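Here is a short report on charges and cysteines. Please keep the structure in view while reading.

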Amino acid sequence: MRRKLAAGNWKMNGLRAQLSEIDAMQEAASGGSEVLICPPTTLLTEAVARAGHIEIGGQDCHARASGAHTGDVSAAMLADTGASYVILGHSERRTDHDEHDDEVRAKCKSAWEAGLKAVVCVGETLAEREASNTLDIIGGQLAGSIPDGATGHNLVVAYEPVWAIGTGKVPTTDQIGEVHDFIRARLERRFGAGVGRSVRLLYGGSVKPANAAEIFAVSNVDGALVGGASLKAADFVPIIEALNGASDG
Ligand code: PGA
């Protein structure tokens with residue numbers, strides 16, 4: 001019912017020479033799961049031109065469609081490159097650019113107006129987990145960051161514990177399952193069972209070829225948002241293949 005999604009977030013990495021990595025992911029990308037690469041903005045147009053079986057997305061957008069916002073990029077501009085997705089509310093944006101839920105929500109609305117699908121990121125810090133506040137934090141971020149009007153088509157939610165991003169630390173499968181089941185229940189409660197069940201939920205944070213299959217076996221995990229291990233086909237292809245081989249959770 002939900003098509004699995006392997007999403008790569010290249011962050012501030014990648015020059016034109018790295019676009020050949022996308023070519024090397026094509027075969028795995030025709031194996032059933034949807035594959036998305038979000039390169040830096042500078043590479044979007046060229047990435048779209050050679051996308052083949054792969055969807056291309058941005059890593060952020062401004063909440064407004066145009067205007068005097070030096071250095072920013074609007075959702076309409078991302079869509080104009082041929083991109084189909086945008087990542088919003090990544091913890092690095094929330095931290096580096098002091099983005100809060102209301103801004104993420106405004107960006108999400110703008111992305112939908114431009115016809116983009118939004119990958120909205122939520123996740124707790126280590127201090128929040130240790131204080132047993134994880135579900136409260138995630139619940140608040142979901143309520144605050146996702147506008148009304150979500151559907152299984154326009155929204156993907158990525159659960160990314162801040163302490164697991166780029167650290168090599170990964171929650172236990174029980175911890176991932178607890179949060180994903182909670183997100184599913186919250187989406188069903190707010191948007192109704194049909195929509196709630198159709199939104200794809202990604203896990204993100206130190207996903208690697210060695211741990212992907214175990215993570216994909218967790219209930220309500222429909223794929224992954226992958227940073228470091230999405231930069232090279234040699235790492236991302238085994239992750240895509242693990243997802244292609246995973247049964248429905
Ligand atoms: P990582 O990043 O896979 O390098 O931990 C994940 C992310 O930030 O999306």
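A charged surface patch is built from residues with over 30% relative accessible area and no salt bridge, like charges being joined within 9 Å. In this predicted model, D72, D98, D102 and E103 gather in such a patch, and its charge is negative. D98 sits in the loop between α5 (91-96) and α6 (101-113). D98 counts as exposed because its relative accessibility is 51%.

**Salt bridges**

The structure holds 14 salt bridges. Three are listed here.

| Pair | Closest N to O distance |
|---|---|
| R2 and D222 | 3.0 Å |
| R50 and D23 | 2.6 Å |
| D222 and R184 | 3.0 Å |

R2 and D222 form a salt bridge. This pair links distant parts of the chain, 220 residues apart: R2 is in the segment before β1 (5-9), and D222 is in the loop between α11 (209-216) and β8 (223-226). Both R2 and D222 are buried.

D222 also forms a salt bridge with R184. R184 lies in helix α9 (residues 173-191), so the pair ties together parts 38 residues apart in sequence. R184 is buried, as is D222. Elsewhere, salt bridges with shared partners join D60, R93, E99 and K107 into one network.

R50 is partly exposed, at 30% relative accessibility. Its partner D23 is partly exposed too, at 35%.

**Cysteines**

How many disulfides does the count give? Zero. A pair would need sulfur atoms within 2.5 Å. The sulfur of C61 is 8.5 Å from its closest cysteine sulfur, in C108, so it is too far for a bond. For C121 the closest is in C38, at 9.3 Å, also too far. C61 is buried at 1% relative accessibility, and C121 is buried at 2%.

Definitions and conventions
Residues numbered from 1 in each chain as written. Predicted model: local features only at pLDDT ≥ 70, side-chain atom pairs only at ≥ 80, totals over all residues. Heavy atoms only, no water. Patch = residues over 30% accessible without salt bridge, like charges linked within 9 Å, V, L, I, M, F, W, Y side chains within 5 Å. Areas by Shrake-Rupley, 256 points an atom, 1.4 Å probe, with all protein chains shown as cover. Salt bridge = Lys/Arg side-chain N within 4 Å of Asp/Glu carboxyl O. Lys, Arg positive; Asp, Glu negative; His and termini not counted. Charge placed at Lys NZ, Arg CZ, Asp CG, Glu CD. Helix = DSSP H or I, 4+ residues; strand = E, 2+ residues; numbered from the N terminus. Buried < 20%, exposed > 50% of the residue type's maximum accessible area, 1.4 Å probe, protein only.
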